[in-house]
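Please open the structure in your viewer and keep the selection panel at hand. The tour proceeds from one selection to the next.

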Amino acid sequence: MPEPIPAIRITRRPTSGVTAEGGDAFAATLLERAGFIPQSSIRQSWYRLHYDMGEDYENEKATYAYEMLTAARYPVVIDPSLLLRNDGIGTAPLVATHGAYNQTLSTLIDDIVHADEAVEVAALLYVLTDEKIGMLPALREVVEKAGFWVDGLGTPPLAERLREANRALLDATVGIHHTADALLALPEDRQRRPVPQWLLRLQAAQARTAAGHGPASPGSDEAEPPPPAAPQPPRRTR
């Protein structure tokens, strides 16, 4: 039986600000994504937020870290004063407007597109499927409530369509979460996305241009030397 993972502790300290201690390499990636900075000494290592950014900033970043870590199934102990969303305790969450929801989706898509390592994509997928903060579980709840409402109209076929859609969303949520698990289990040499060939050719062409050489011919990595100039007859003068 595997040993239990020690709890990650996120606290606000009078002299050192908001700090996080504990966890493994994946937890460290999540903390850094939330805005924490790695710190180390001879005996230990920890993470902290930027100093003098104000409590609103600290609470937002600490809550983001807490939600990502718990979505990835880490045990987390957090100072309750840092949580923006705590089952009715503490500061109430901001209202999710249409514009804010679109911005969240846009940020998530942008983060996945520009991710370089499998661990980054896995972290985003865990957040997407988390039962407390994930978009997919929230969408399932919306469809479920719509099904209850439609069922009250006495139209069973329409209500059944929504129930089928809800089951499909549940299957998708479980499948995405298992895919995130599989990404973390990949061998280390397959954790990073390979650089596409077109980008390698572009970088090679830019390097040649910076060195003063001509551009490469299409589809090749090396520029062909220009043909020698034809000899010119001597100019005659009277």
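How many aromatic pairs does a search of the whole structure find? The search finds 2 aromatic pairs, where rings of Phe, Tyr and Trp (its six-membered ring) pair if their centres lie within 6.5 Å, and planes under 30 degrees apart count as stacked, over 60 as edge-to-face and the rest as tilted. Select F26 and Y74: their ring centres are 6.2 Å apart and their planes stand at 35°, so this pair is tilted. The pair joins distant parts of the chain, with F26 in helix α1 (residues 25–33) and Y74 in the loop between α2 (55–71) and β5 (76–78), 48 residues apart.

Before moving on, note the conventions. This is a predicted model, in which local features need pLDDT of at least 70 and side-chain atom pairs count only at pLDDT 80 or more, while totals for chains, interfaces and linings use all residues. Residues are numbered from 1 along each chain as its sequence is written, and side-chain values use heavy atoms, with hydrogens and water left out.

**The aromatic cluster**

Add Y126 to the selection: ring pairs link F26, Y74 and Y126 into a cluster. F26 counts as buried at 9% relative accessibility, and Y74 counts as buried at 8%; buried means under 20% relative accessible area, exposed over 50% and partly exposed in between (1.4 Å probe, protein chains only).

**The whole chain**

Now colour by secondary structure. The protein has 7 helices and 5 strands, in the order β-β-α-β-β-α-β-α-α-α-α-α from the N terminus on. Helices (H or I, at least four residues) and strands (E, at least two) are DSSP runs, numbered from the N terminus. Of the 238 residues, 27% count as buried.

**The nonpolar core**

Next, select I10, F26, L30, F36, L69 and Y74, which touch the most other members among the 40 residues of the largest nonpolar core. Such a core is a set of buried Ala, Val, Leu, Ile, Met, Phe, Trp, Tyr and Cys residues joined through side-chain atoms within 4.5 Å. Elements giving two or more residues to this core include β1 (8–13), β2 (17–21), α1 and α6 (156–184). The most comes from α4, with 9 residues.

Centre the view on L69. Apart from neighbours within four places in sequence, L69 is in contact (heavy atoms within 4.5 Å) with I8, I10, A27, L30, L31, Y74 and V76.

**Helix α4 and T129**

Which residues of α4 are buried? They are A118, V119, E120, A122, A123, L124, L125, Y126, V127, L128 and T129, so 11 of the 12 residues of this helix are buried, and α4 is mostly covered. At 1.5 Å a residue, α4 should span 16 Å (1.5 Å times one less than its number of residues); its end C-alpha atoms are 17 Å apart, which agrees.

Zoom in on T129, a residue of α4 that counts as buried at 3% relative accessibility. Leaving out residues up to four places away in sequence, T129 touches G134, L136, P137, T173, I176 and H177. Measure to G175 as well: the C-alpha atoms of T129 and G175 are separated by 9.6 Å, although their positions lie 46 residues apart along the chain.**Helix α5 and a charge over a ring**

Move to α5 (residues 135–151). Its 17 residues should span 24 Å, and its end C-alpha atoms are 24 Å apart, which agrees. The buried residues of α5 are M135, L136, P137, R140, V143, G147 and V150.

Finally, select R48 and Y51. The charged end of R48 sits over the ring of Y51, 4.0 Å from its centre; the criterion is NZ of Lys or CZ of Arg within 6 Å of the ring centre and within 35 degrees of the ring normal.
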